[in-house]
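Take a look at the structure below. This report walks through its metal site, its charged pairs, its surface and its backbone.

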Amino acid sequence: MIKSNLHTHSYYDDGKDSIDEMVQTAAQKGFSVLGFSGHAYNPIDDGSMTPEKTAAYRQDVLRCQKNPPAGMEIFLGIEEDSLSPVNPDDYDYVIGSVHFLVKDGHASPIDYSKERFEQMLAQEWNNDIYAMSEAYYQAIKAQAKNDRMQIVGHIDLIAKYNDDEKYFRFEDPKILAMVRDAVKDLVKAGKIFEMNTGAISRGYRSQAYPSDPILNLIYQNDGKLLINTDCHNREDLDLGMSECIERARHAGFTDLYTLTKDGFVPVSIDEFRG
Ligand SMILES: [Zn+2]
Ligand SMILES: [Zn+2]
């Protein structure tokens, strides 16, 4: 059986626990694959790792990678923000995420808080959620040309505060057309999409990213899928993973991706457990 999570944060960024604590708890929870993905340095993001912290983070993960618990493989990854490119040679894999939208040369975070989101929507996008979504999904689409990253981070992060469909309906065909346009290019570029339970643990969403209409769309376009929790503490290492496996199965996926020493590979969904 495979228990795999490649999207985790530690106390080197805005997470809570040390690398060793995360590894220990992952071993207790029976993980076979554990990847770290600290927030790459971004001068406008306080939650990201400074260059000094990045160096310490790399050393710490590499030390654990050399001496993992029995039955577990550890990987050194990074979560790159689309505004702050990393050197991919320093990492086993890269998650590419869009956390900021640029408008008139000014970058604003879409996932900082609900208040901030609403402020952006009103002041920068004139309460036009379609215009804002178009800009967001264009930035996601541009990740198809980003050769540094393999995994598309939380593809519908723009829906973080939209659990009650306050800003748009998850089934809105106009929004889904934007997503489809991005998904097609990302699939062609061989990128892997993640299901991500990060917003559940923090109480923003009842369901993991992406929403079912987007999950279906990824499936219909032959997209590759893996399951991550984007956890910021060790208790949440496997939060919501079983539900994700079931949702993926229900959408039609027969394989999920995981990482090995030889790179990303598809494995029968029946081999995975949450
Ligand atoms: Zn993120
Ligand atoms: Zn993350």
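What follows describes a predicted model.

**The zinc site**

Start with the metals. Which residues hold the zinc ion (ligand 1)? Its protein donors are E79 (OE), H99 (NE2) and H154 (NE2), at 2.1 to 2.2 Å from the ion. Along the chain, these donors follow the spacing E-x19-H-x54-H. A second zinc ion (ligand 2) sits 3.4 Å from the zinc ion (ligand 1), and E79 coordinates both. E79 belongs to strand β3 (residues 73-81), while H99 is in the loop between β4 (93-97) and β5 (100-103), so the pair ties together parts that are 20 residues apart in sequence.

Are these two donors buried or exposed? E79 has a relative accessible area of 2%, so E79 is buried. H99 comes to 5% and also counts as buried.

**Salt bridges**

Now the charged pairs. The model has 16 salt bridges. Three of them are listed here.

| Pair | N to O distance |
|---|---|
| D238 and K3 | 2.8 Å |
| K29 and D238 | 3.0 Å |
| K16 and D17 | 3.5 Å |

D238 appears with two partners, K3 and K29. Take the bridge between D238 and K3, at 2.8 Å. D238 lies in the loop between β9 (224-228) and α8 (241-251), and K3 in the segment before β1 (4-5), so the bridge ties together parts that are 235 residues apart in sequence. Both residues are buried.

Next comes the bridge between K29 and D238, at 3.0 Å. K29 is in the loop between α1 (19-28) and β2, and D238 is in the loop between β9 and α8, so this pair links parts that are 209 residues apart in sequence. K29 is partly exposed, with a relative accessible area of 24%. D238 is buried, with 18%. Elsewhere, shared partners join K16, D17, E21 and R234 into one network of salt bridges. Within that network, D17 is buried, at 3% relative accessible area.

**The surface**

Two patches stand out for a look. One is negative: D163, D164, E165 and E171 form it. D163 is found in the loop between β7 (151-152) and α5 (173-188). Its relative accessibility is 33%, so D163 counts as partly exposed.

The other patch is nonpolar. I44, L83 and V102 form it, with about 250 Å² of accessible area together. I44 sits in the loop between β2 (33-39) and α2 (51-66). With a relative accessible area of 49%, I44 is partly exposed.

D46 is in the loop between β2 and α2. D46 is exposed, with a relative accessible area of 80%. How far apart are the C-alpha atoms of D46 and G105? They are separated by 20 Å, and the two residues are 59 residues apart along the chain.

**The backbone**

Finally, follow the chain itself. Most residues other than glycine have a negative phi, and most peptide bonds are trans. This model holds some exceptions, including N126, whose phi is near 55°. N127 also has a positive phi, near 60°. N126 lies in the loop between α3 (114-123) and α4 (129-142), and N127 is in the loop between α3 and α4 too. N126 is exposed, at 67% relative accessible area. N127 is exposed as well, at 54%.

Which peptide bond is cis? The bond from Y209 to P210 is, with omega near -10°. P210 sits in the loop between α6 (198-201) and α7 (212-220).

Note on methods:
Residues are numbered from 1 along each chain as its sequence is written. Chains are lettered from A and ligands numbered from 1 in the order in which they are written. This is a predicted model: local features need pLDDT of at least 70, side-chain atom pairs count only at pLDDT 80 or more; totals for chains, interfaces and linings use all residues. Side-chain values use heavy atoms; hydrogens and water are left out. Donors are N, O and S atoms within 2.8 Å of the metal (3.2 Å for Na, K and Ca); water is not among the atoms, so sites may look incomplete. Helices (H or I, at least four residues) and strands (E, at least two) are DSSP runs, numbered from the N terminus. Buried means under 20% relative accessible area, exposed over 50%, partly exposed in between (1.4 Å probe, protein chains only). Patches are made of residues with over 30% relative accessible area and no salt bridge: like charges are joined within 9 Å, nonpolar side chains (Val, Leu, Ile, Met, Phe, Trp, Tyr) within 5 Å. Accessible areas come from the Shrake-Rupley method with a 1.4 Å probe; for residues, only the protein chains shown count as cover. A salt bridge is a side-chain nitrogen of Lys or Arg within 4 Å of a carboxyl oxygen of Asp or Glu. Lys and Arg count as positive and Asp and Glu as negative; His and the chain ends are not counted. The place of a charge is taken as NZ of Lys, CZ of Arg, CG of Asp or CD of Glu.
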